[in-house]
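Here's a quick briefing on a protein with its ligand. Have the sequence and the 3D view open while you read.

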Amino acid sequence: LRTAAVIPAAGRGVRLGPGVPKALRTLGGVPILVHAVRAMARARAVQVIVVVAPPDGTAEVRALLDAHGMPESTDIKVVAGGEARQESVRLGLAALPDDVDVVLVHDAARPLVPVDTVEAVAEAVRAGAPAVVPALPLADTVKTVDPDTGLVTGTPRRALLRAVQTPQGFDRATLVKAHDTVTHDVTDDASMVEQLGVPVQVVPGHEEAFKVTRPLDLVLAEAVLARRRA
Ligand code: CTP
Ligand code: MG
C-alpha cells in the first residue's frame with residue numbers, strides 16, 4: 001500500500017496574531033512548515049507529500065522546502081490552498097498520484113509530532129481501519145455553554161472525552177468520498193468520515209503533537225525543540 005501525507009499549510013494563523021502566515025513562522029530558526037514536512041518524511045510509511053500552501057505563496061513555499069533540503073526518497077508536491085481548511089485538504093487530495101491508497105492528513109501547525117505517532121497512525125490504517133485519529137485524554141473539564149446567555153448547559157463526563165490531533169489517517173477512497181459528500185463546516189477530517197457512518201479508530205496521541213495556535217504555543221514549541229537539541 002502506498003501512503004501519502006497531505007499537509008494543509010494555507011491558513012493565516014489569525015489566533016497567533018499579526019505577521020507572516022503561521023506555517024512560515026520559524027521555530028529554532030526553521031519554518032514551522034519545514035519542521036512538519038520533515039516530521040512526515042521521517043516516517044518510513046510516507047512516500048509522497050502534498051503541501052497545501054497559501055494561494056499566493058506556492059512559489060515561496062517551494063523555494064523554502066528546496067532551501068532547507070528535503071529527503072530525496074520522498075516525492076514532495078506543492079499546491080495552492082483555499083479559504084477554509086476543509087477546502088485546502090480537498091485541493092491536496094486532488095493532487096495525489098493515482099497509486100496512493102492510504103492518506104495521512106497532518107496540520108502544518110503541528111510541527112513537532114514524533115515519528116512514532118505518525119507510524120502508529122499509518123500502521124493502523126494499513127492494518128485495515130478506514131479512519132484513524134491520534135488522541136489524548138483532557139486535563140480540563142469541558143462544559144457546553146449557550147453563547148447568547150453565557151449560561152452553562154452541560155458538562156460531558158471528562159473520562160469519555162479525547163482531544164484529537166493529527167496526523168489523521170484514512171483509506172483514500174473513504175476520505176475522498178467524505179470530502180465529496182460533507183459540505184458544511186468541520187474542524188477535522190475524521191468528523192466528515194464519521195458522518196458517512198464509517199468507524200473511526202483512536203490510537204494514542206502525543207503531547208508534542210500539540211497544535212501551535214496561540215502565542216504561548218510558540219513558547220512551548222521553542223522549549224520542546226531546545227530540549228530535543230540538548
Ligand atoms: N489551513 C489551511 N487552509 C486554510 C485554513 C487552515 O491549510 N484555509 C491549515 C493551517 O495552515 C494549519 C491547519 O490547517 O496548518 C490547522 O488550522 P489552524 O490551526 O486553525 O490554522 P489557521 O487557520 O492558520 O489559524 P487560525 O484559525 O488561528 O487563523
Ligand atoms: Mg483555522
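What follows covers the ligand site, the two pockets and one peptide bond.

Keep in mind that this is a predicted model. The headline is that ligand 1 takes up the space of the largest pocket, and the protein covers 87% of the 560 Å² of accessible area that ligand 1 has on its own. There's also a second largest pocket, with about 510 Å³ of space, and a cis peptide bond from Thr166 to Pro167.

**Around ligand 1**

- The shell around ligand 1 has 18 residues, and the ones that come nearest are Pro8, Val14, Arg15, Ser88 and Lys211.
- By residue type, that shell splits into seven nonpolar, four polar and seven charged.
- Val14 uses a backbone N or O atom here, sitting 2.7 Å from an oxygen atom of ligand 1.
- Gly82 also brings in a backbone N or O atom, this time 2.9 Å from a nitrogen atom of the ligand.
- At Ala9, a polar backbone atom is 3.3 Å from an oxygen atom of ligand 1.
- With those contacts in view, here's the cover again: the protein hides 87% of the ligand's own 560 Å² of accessible area.

**The largest pocket**

- This is the space that ligand 1 takes, and it holds about 940 Å³.
- Its lining counts 32 residues, with Gly11, Arg15, Lys22, Arg85 and Lys211 closest to the centre.
- Sorted by type, the lining comes out as 13 nonpolar, nine polar and ten charged residues.

**The second largest pocket**

- Here you get about 510 Å³ of space.
- The lining is made of 20 residues, and Arg110, Ala163, Gln165, Phe210 and Lys211 lie nearest the centre.
- Lys211 is worth clicking on: it's listed among the residues closest to the centre of the largest pocket and among those nearest the centre of the second largest one.
- Strand E10 (163-164) and helix H7 (215-229) each supply at least two lining residues.
- H7 gives the most to this lining, with three residues.
- The lining divides into nine nonpolar, three polar and eight charged residues.

**The cis peptide bond**

- Going from Thr166 to Pro167, the peptide bond is cis, with omega near 5 degrees.
- Look for Pro167 in the loop between E10 and strand E11 (168-171).
- E10 is one of the elements that help line the second largest pocket.

Terms used: Residues are numbered from 1 along each chain as its sequence is written. Chains are lettered from A and ligands numbered from 1 in the order in which they are written. This is a predicted model: local features need pLDDT of at least 70, side-chain atom pairs count only at pLDDT 80 or more; totals for chains, interfaces and linings use all residues. Side-chain values use heavy atoms; hydrogens and water are left out. A residue is near a molecule or strand if one of its heavy atoms lies within 4 Å of it. A polar contact is a pair of N or O atoms within 3.5 Å; within protein, one must be able to donate a hydrogen and the other to accept it, and residues adjacent in sequence count only if both atoms are side-chain atoms. Accessible areas come from the Shrake-Rupley method with a 1.4 Å probe; for residues, only the protein chains shown count as cover. On a 1 Å grid over the protein atoms alone, a cavity is a set of points where a 1.4 Å probe fits but cannot get out, and a pocket is an open set with protein on both sides within 12 Å along at least five of seven lines; lining residues have an atom within 4 Å of a point. A molecule sits in a cavity or pocket if more than half of its atoms lie within 2 Å of its grid points. Ala, Val, Leu, Ile, Met, Phe, Trp, Tyr, Cys and Pro count as nonpolar, Asp, Glu, Lys and Arg as charged, and the others, Gly among them, as polar. Grid points are joined across faces, edges and corners, and a volume is the space filled by probe spheres set on the points. Helices (H or I, at least four residues) and strands (E, at least two) are DSSP runs, numbered from the N terminus.
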